[in-house]
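Visitor: Hi! I'm new to reading protein models, so could you walk me through one?
Guide: Sure, let's pull it up and take it piece by piece.

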Amino acid sequence: MINRTDLAIERFPETASGNVHINNRNGIFSVTDIILDDDSYIDTLGKGKGRYLTLEGVDLSSFSDDYEKMINEIADELRNFIPDGDILVVGLGNRDITPDALGAMVSAKILATRHLQHELQTDSDNFLKSLRRVSTFAGGVLGQTGIESAEIIHAICKQIRPAGIIAVDALACADVHRLGTTIQISDSGISPGSGVANARKELSEKTIGVPVIAVGVPTVIDTHTIIRNATGSEPSDFPDMMVTSREIDRLIEHSSQLIAYGINLALQPTLSVDDITSLF
């Protein structure tokens, strides 16, 4: 049985070959870059064609002395995924459930600039006018709105026509050591809730019509996966529950800020980390 996980690094071992290419490098984060050439693993391992970048090895529930370097590393990696033009940043998940609130909290810290060029038509501030046009949105979950996130985002895209979407969501992992220590970036889109067996409509270039860059942090793991990994046998007579870190409040607060600042820096390279932190 495949463990529940949204992380490509947990689906593909280091020995993977053929149409799976794995590259590793180190900075503040240990970075694993997995590239799938085709969709041959969708049915067996749940991952389609695309690039899956994993940054890990840092406790995201606490602030680090290397905080600014971490923001810059995230921004540098993200720039390789983001197309030119207007960008829509979408926060997925339920802001009222802490382990699922990552997307909404990131969205609240994104520098929205799409409206500035219109509002500053008669203003001489060329610097503000030069900022990339960015919109941000966090619409909640199906149980709160009665509308699939993919349907809302598709409608927004028809109106504002972004060149790409950055979708941020909480993830599930299979290795407890990756809980709150890992960031995944992917250009293959995302199916919200898939890691907890509650998959909603897919958000991808195929379904939305523009590139979708998915960014997430694992905040939950299921008990059967923990037992299976610890004992090597299938759990029996034990309820399958999703569990999280006891530091989840701090994890969501700190990781959402780190990711939001990294996204802001990637989208607005004329700004510095100090510029961005002073705005929030």
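What follows is a chat about this predicted model.

Visitor: Let's start with the big picture: how many helices and strands does the protein have?
Guide: The chain has 280 residues, and 49% of them are buried. As for its elements, the count is 12 helices and 9 strands.

Visitor: Of the contacts between residues at least 6 apart in sequence, what percentage join residues at least 24 apart?
Guide: Here we leave out pairs that sit less than 6 apart along the chain. Among the contacts that remain, the share joining residues at least 24 apart is 71%.

Visitor: Now strand β3, residues 50-56: how many of its residues are buried?
Guide: Look at both faces of the strand. G50, Y52, T54 and E56 point one way, R51, L53 and L55 point the other way, and every one of them is buried. The strand is therefore largely enclosed by the rest of the structure, with a buried count of 7 of the 7.

Visitor: Which residue of β3 does D33 stand opposite?
Guide: Strand β2 covers residues 30-36 and pairs with β3 in the antiparallel sense, over 7 bridges. Within β3, the residue opposite D33 is L53.

Visitor: And which residue in β7 stands opposite Y52?
Guide: Strand β7, residues 182-186, also runs antiparallel to β3, and 5 bridges join them. Across from Y52, you'll find S186.

Visitor: Let's switch to helix α8, residues 149-160: how far apart are its end C-alpha atoms?
Guide: You can work out what to expect. The helix has 12 residues, and at 1.5 Å a residue it should span 16 Å. The model agrees with that, because the end C-alpha atoms are apart by 16 Å.

Visitor: How wide an arc do the buried residues of α8 cover around the axis?
Guide: The buried ones are S149, A150, I152, I153, C157 and I160. They sit on the same side of α8, because their arc around the axis is only 160°.

Visitor: Which residues are exposed on the other side of α8?
Guide: The buried side has cover from elements including β4 (87-91), β5 (134-137) and β6 (164-172), along with α7 (142-145) and α9 (205-208). On the other side, the exposed residues are K158 and Q159.

Visitor: Last one: which residue takes a positive phi just after α8?
Guide: Step just past the end of the helix. There, with a phi of about 50°, is R161.

Definitions and conventions: Residues numbered from 1 in each chain as written. Predicted model: local features only at pLDDT ≥ 70, side-chain atom pairs only at ≥ 80, totals over all residues. Heavy atoms only, no water. Buried < 20%, exposed > 50% of the residue type's maximum accessible area, 1.4 Å probe, protein only. Helix = DSSP H or I, 4+ residues; strand = E, 2+ residues; numbered from the N terminus. Pairing = 2+ DSSP bridges. Contact = heavy atoms within 4.5 Å. Expected span 1.5 Å × (residues − 1). Arc of directions from axis to C-beta.
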